[in-house]
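Work through the exercises below with the model open beside you, attempting each task before turning to its solution.

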Amino acid sequence: MSEHAFGAATLLDPNDPMGLRNSAPLLDAWIRDITSERFPFQIPGHKGRIDLTGPVVEGDIPVLPGNHPNRISPSLILEAEALAAKLWGADLCRFGVNGSTGTNHASVMAVAGPGDKVIVSRTLHKSVLVGMVYAGVVPIWVRPEINLQTGLPEYLPSSRLRETLEQHPDAKAVLIGEPSYVGTMSNIPRLSSVCHQYGIPLVVDAAWAAHFGFHPDLPKNPLDEGADIVVTSAHKTLPSYSQASFVLAKGDYVDLPRLNKAFDSTQTTSMSGRILASIDAARALMQRHGAELIGPVIEATAKGRQALREAGIGVIDGQFIDPLKLVILLNQTGADGNLVEAELLSANIDLEMANRDVIIPMITMADTPDRIANLVKRIIELVQKHRGEPRPVKIAAAFSIEPEVVITPRDAFFAPYEVVSGSDAIGRVSAELICPYPPGVPVLSPGERITESAMTALLEARDSGIRIAFVSDPSLLTFKVLRDN
């Protein structure tokens with residue numbers, strides 16, 4: 001479809017600029033609802049009035065009980081989920097409103113229970129760890145390869161996974177994150193083959209991969225490559241509402257009724273119709289126009305990488321990288337990414353991530369080639385402005401520390417704790433999750449020993465300007481540790 005055609009669709013219906021409602025039942029129901037006169041005597045309490053707290057509640061409608069053909073209801077949700085399952089080739093699809101956090105919790109509980117072992121990639125998001133607390137599982141951690149030239153994770157070798165499963169043949173599942181926060185990817189077909197040889201499922205937290213499979217230059221969706229459960233954040237790379245997510249599953253190695261039960265237990269009973277409709281709309285958009293919308297953005301991102309390289313600024317690139325992921329490496333320039341980010345923020349330009357050595361502007365299909373080119377031009381100017389002495393590559397704390405597990409995350413979560421000074425914390429067992437953020441990958445998880453190397457890495461991360469998240473004292477002057485018996 002041409003730009004002219006897109007514009008014509010906008011003139012036809014401002015609530016449906018791409019003409020999607022005829023193939024998106026939840027979007028159609030949402031539009032019917034917001035354009036009709038209603039007299040609700042039900043939640044939400046704002047009753048659709050924007051004269052009380054303003055337009056912040058505009059378009060917020062609930063999921064109605066029963067089966068209302070013209071309102072967002074359980075039957076329409078099932079219809080929309082079935083359309084998504086068919087598109088992605090899944091046996092089951094569920095739409096979530098608690099982000100990939102909620103769907104990660106459900107996925108862990110679907111494949112393992114109290115006392116069960118699961119093989120877990122250490123690059124996974126902290127929500128997976130919380131899911132392990134809920135499920136009461138025993139994590140067996142595996143690390144991906146680290147690229148020593150960038151200090152960032154690359155891929156999990158299938159040989160390493162096989163060795164781990166040989167040591168723990170009673171493991172119930174393998175949980176990995178693909179692509180990583182920095183866009184690097186493992187070989188999913190090889191990993192899934194190893195898992196299936198042991199008769200267990202491969203669960204992929206693909207929060208950053210909702211766009212995969214919709215253009216020939218993009219990787220396939222992990223479900224097409226052999227994964228058994230795929231968790232995806234629709235709101236990260238697709239034009240969906242914040243908190244929008246979905247989970248896809250195949251039933252060969254997964255108990256689908258159990259996944260359904262776990263999913264329902266992790267979602268609010270007051271789901272937002274607007275969030276659900278946005279997932280349905282994004283699915284219909286990708287099904288109709290995904291390739292033509294993403295193609296120009298892939299090309300513009302490639303040109304941006306080339307421009308950065310020509311300016312002497314490092315980028316992550318290669319065959320096993322998400323083509324839409326723009327990861328900019330600053331150590332060789334001597335520039336401080338925190339300073340670059342500060343100047344961009346002063347111009348109301350927000351980055352997905354920035355620390356001293358790496359900045360990541362999030363590129364999606366909603367960007368335009370001109371917008372991407374202008375951003376890259378501005379970043380080049382700012383890096384040149386702040387150039388200094390090159391720094392050696394530093395492996396991020398989240399990817400450099402080998403965990404020393406003492407007790408399970410669940411046992412540690414519920415155990416008595418005390419607060420001690422940082423100097424007294426070394427050698428004790430952490431009672432809390434400690435993550436340099438982003439990417440939200442733990443350096444320490446509940447139940448792991450606070451080693452001197454972990455403490456040093458955390459302090460260095462803090463001192464370089466990285467935010468330390470999910471910890472009671474972000475200054476790291478004090479730590480919560482398990483009480484000694």
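Contact here means heavy atoms within 4.5 Å. Axes are lines fitted to C-alpha atoms, for helices over the stretch in contact, and angles run from 0 to 180 degrees between N-to-C directions. Helices (H or I, at least four residues) and strands (E, at least two) are DSSP runs numbered from the N terminus, and two strands pair if DSSP finds at least two bridges between them. The model is predicted, so that local features need pLDDT of at least 70 and side-chain atom pairs count only at pLDDT 80 or more, while totals for chains, interfaces and linings use all residues. Residues are numbered from 1 along each chain as its sequence is written, and side-chain values use heavy atoms, with hydrogens and water left out.

**Exercise 1. The seven-stranded sheet**

Task: establish the strand order of the open sheet of seven strands, and find which helices pack on its strands.

Solution. Begin with the order, which reads β1-β9-β8-β7-β6-β2-β3, with mixed pairing. β1 (92–96) and β3 (138–142) stand at the edges with a single partner strand each, so one side of each has no neighbour in the sheet. On average, neighbouring strands of this sheet are turned by 20° against each other, direction ignored. Next take one pair from the interior of the order: β2 (residues 117–121) and β6 (residues 174–177) run parallel and are joined by two bridges, and Ile119 has Val174 in β6 as its bridge partner. Helix α6 (residues 158–167) packs on the sheet, where it touches β2, β3 and β6, and its direction makes about 160° with that of β2. Finally, helix α7 (residues 188–197) lies across β6 and β7 (202–205), running at about 145° to β7.

**Exercise 2. A helix pair**

Task: describe how α4 packs against α9.

Solution. First the geometry: α4 (residues 99–111) and α9 (residues 256–266) pack at an angle of about 145°, and their axes are 8 Å apart. The crossing is right-handed, a term that applies if the near helix is turned clockwise from the far one by less than a right angle, anticlockwise being left-handed. Then the residues: α4 contributes Gly102, Thr103, His105, Ala106, Ser107, Met109, Ala110 and Val111, which meet Arg258, Leu259, Ala262, Phe263, Ser265 and Thr266 of α9. By class, the contact comprises seven nonpolar, six polar and one charged, where Ala, Val, Leu, Ile, Met, Phe, Trp, Tyr, Cys and Pro count as nonpolar, Asp, Glu, Lys and Arg as charged, and the others, Gly among them, as polar.

**Exercise 3. Backbone exceptions**

Task: locate the cis peptide bonds from Ile43 to Pro44 and between Glu178 and Pro179, and the positive phi of Lys47.

Solution. For the bond from Ile43 to Pro44, omega is near 5°, and Pro44 lies in the loop between α2 (25–34) and α3 (74–88). Lys47, also placed in the loop between α2 and α3, has a positive phi of about 55° although it is not a glycine. For the bond joining Glu178 and Pro179, omega is about -5°, and the loop that holds Pro179 is between β6 and α7.

**Exercise 4. The four-stranded sheet**

Task: give the order and the edges of the open sheet of four strands.

Solution. The order is β10-β11-β13-β12, with antiparallel pairing. β10 (314–315) and β12 (353–354) are the edge strands, each pairing on one side only. Between them in the order, β11 (residues 328–329) and β13 (residues 358–360) run antiparallel and are joined by two bridges, with Ile359 in β13 as the bridge partner of Ile328.
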